Amino acid sequence: MLKQFSIAAKNATRLPYMMAARVVRPSAFTPMRFTRFVSTGSPLTKEDVLARTVSVLKSFDLKNSGDKIGLNTQFTKDLGMDSLDYNDALVALEEEFDVVFDDKSANEIKTVGETVNYVLKNYLPEQQDLDREVR
Amino acid sequence: MTLPTAFAETTRFSTSHAEMRIRMLNLYRRYIRHSREFVNNYDLDIPTSEVKTKIRQEFEKHRHVNDLAVQNVMYMKGQMEFQELVNFWKQKCHVMKYFENFDYYDKAAKNSFVQRFLKGAD
């Protein structure tokens, strides 16, 4: 630490006057804005969710792993999953995003896009999170 | 504290294969969802992934059962098992029974009465 400081100090003294004068200062003082990220709602974007979903799905042993996974990819048709594989994938996504797919929608979901939408709709930001056991 | 009725479900006879299938998948999802809790509660020296695989194996065993009456009984027993597991009504040894090496019983050397008795084999 000390060494670094002394080097920095040396460099500072070596700065030519011209450069020091060219430093641009903001004309008015702008106060820092403290934003509460919690109250801004879900910080997840659709692309974000899709990217994470794809990375989770890639961790599975997929039949057609070479294909690109998009919003319209179907679990059973395109990824070659059977019903149990598909439920494994859903639970893996639940763990990734900390949401719970209710039984009705879990049985109805066919495509990756539908899971993404479900996650976006049901995702709770960190601070509003209840006790995990309760959820 | 355990609630006696937590995760309880009234036994119900499904009269169609489609409905049975959906109930079974729901049960499977519930099992997988709580697999990490099984590991934590029972203090298993097994990774969660292996528990998930075991759950899958137990379901796959009966994949080709087509009799609806049999399926209903299996669902009922599966649901009971789930309730007991998740409510911590079992002990570690009961859970570990699933992870026993099934070759163990077949070995002729270990097939004497006393050894089978100690093992708890029927």
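**Entry 1: a salt-bridge network**

I began with the charged side chains, and I found that Asp82(A), Asp85(A), Asp88(A), Arg56(B), Glu60(B) and Arg63(B) are linked in a network of salt bridges. I note at once that this is a predicted model, and I keep that in mind for every value below.

Within this network I looked up one pair in detail: Asp82(A) forms a salt bridge with Arg63(B), and their closest N and O atoms are 2.8 Å apart. The pair crosses between chains, since Asp82(A) sits in the loop between α3 (46-58) and α4 (83-97) of chain A, while Arg63(B) sits in the loop between α3 and α4 of chain B. I then asked how exposed each partner is, and I found Asp82(A) partly exposed, with a relative accessible area of 24%, and Arg63(B) partly exposed as well, at 38%.

**Entry 2: Glu95(A) and its partners**

Next I followed Glu95(A), which forms a salt bridge with Arg36(B), the closest N and O atoms being 3.6 Å apart. Glu95(A) lies in helix α4 of chain A and Arg36(B) in helix α2 of chain B, so this pair joins two chains. Glu95(A) is partly exposed, with a relative accessible area of 34%, and Arg36(B) also counts as partly exposed, at 44% relative accessibility. Glu95(A) has another partner in Lys52(B), with which it forms a salt bridge whose closest N and O atoms are 3.5 Å apart.

**Entry 3: Arg29(B), buried or exposed?**

I wanted to know whether Arg29(B) is buried or exposed. At 1% relative accessibility, Arg29(B) counts as buried, because the cut-off for that word is under 20%. The side chains of Arg29(B) and Asp103(A) meet in a salt bridge, 3.0 Å from N to O. Arg29(B) lies in helix α1 of chain B and Asp103(A) in helix α5 of chain A, so here too the pair joins two chains. Asp103(A), for its part, is partly exposed, with a relative accessible area of 32%.

**Entry 4: the interface as a whole**

After the single pairs I turned to the totals, and I recorded that chain B and chain A bury about 1400 Å² between them, with 45% of it on carbon and sulfur atoms. In chain B, the residues that lose the most area to chain A are Arg29(B), Arg33(B) and Arg56(B), which together make up 41% of what that side buries. The contact takes 14 residues from chain B and 15 residues from chain A.

How many salt bridges does the rule find across the interface of chain B and chain A? I noted 8 of them, whereas a search of the whole structure finds 19 over all chains. Across the interface there are also 12 residue pairs in polar contact. On the side of chain B that touches chain A, the elements that give two or more residues are α1 and α3 of chain B, and α1(B) gives the most, with 8 residues. The residues of that side divide into 5 nonpolar, 1 polar and 8 charged.

**Entry 5: helix α2 of chain B**

I then looked inside chain B, which has 6 helices and 0 strands, and in which buried residues make up 31% of the 122 residues. In helix α2 (residues 35-42) of chain B, I found Ser35(B), Phe38(B), Val39(B) and Tyr42(B) to be buried. Seen down the axis of α2(B), these buried residues fall within an arc of 95 degrees, so they line one face of the helix. The general rule helped me here: an α-helix has 3.6 residues a turn, so residues three or four places apart point the same way. What covers the buried residues of α2(B) includes α1 (17-33), α3 (48-61), α4 (68-86) and α5 (92-96) of chain B. Asp43(B) follows α2(B), and its phi is positive, near 55 degrees.

**Entry 6: links over long stretches of sequence**

Among contacts in chain B between residues at least 6 apart in sequence, I recorded that 67% join residues at least 24 apart. I also looked at Arg21(B), which is in helix α1 of chain B and counts as partly exposed at 48% relative accessibility. Arg21(B) and Tyr75(B) are 54 residues apart in sequence, and their C-alpha atoms are 9.9 Å apart in space.

Lastly I checked Thr111(A), in the loop between α5 (103-108) and α6 (112-122) of chain A. Thr111(A) is buried, with a relative accessible area of 13%. Leaving aside its neighbours within four places in sequence, Thr111(A) is in contact with Leu71(A), Asn72(A), Thr73(A), Gln74(A) and Phe75(A).

Terms used. Residues numbered from 1 in each chain as written. Chains lettered and ligands numbered in written order. Predicted model: local features only at pLDDT ≥ 70, side-chain atom pairs only at ≥ 80, totals over all residues. Heavy atoms only, no water. Buried < 20%, exposed > 50% of the residue type's maximum accessible area, 1.4 Å probe, protein only. Helix = DSSP H or I, 4+ residues; strand = E, 2+ residues; numbered from the N terminus. Arc of directions from axis to C-beta. Contact = heavy atoms within 4.5 Å. Buried area = accessible area lost by both parts, 1.4 Å probe. Salt bridge = Lys/Arg side-chain N within 4 Å of Asp/Glu carboxyl O. Polar contact = N/O pair within 3.5 Å; in protein donor to acceptor, adjacent residues only side chain to side chain. Nonpolar A, V, L, I, M, F, W, Y, C, P; charged D, E, K, R; others polar.
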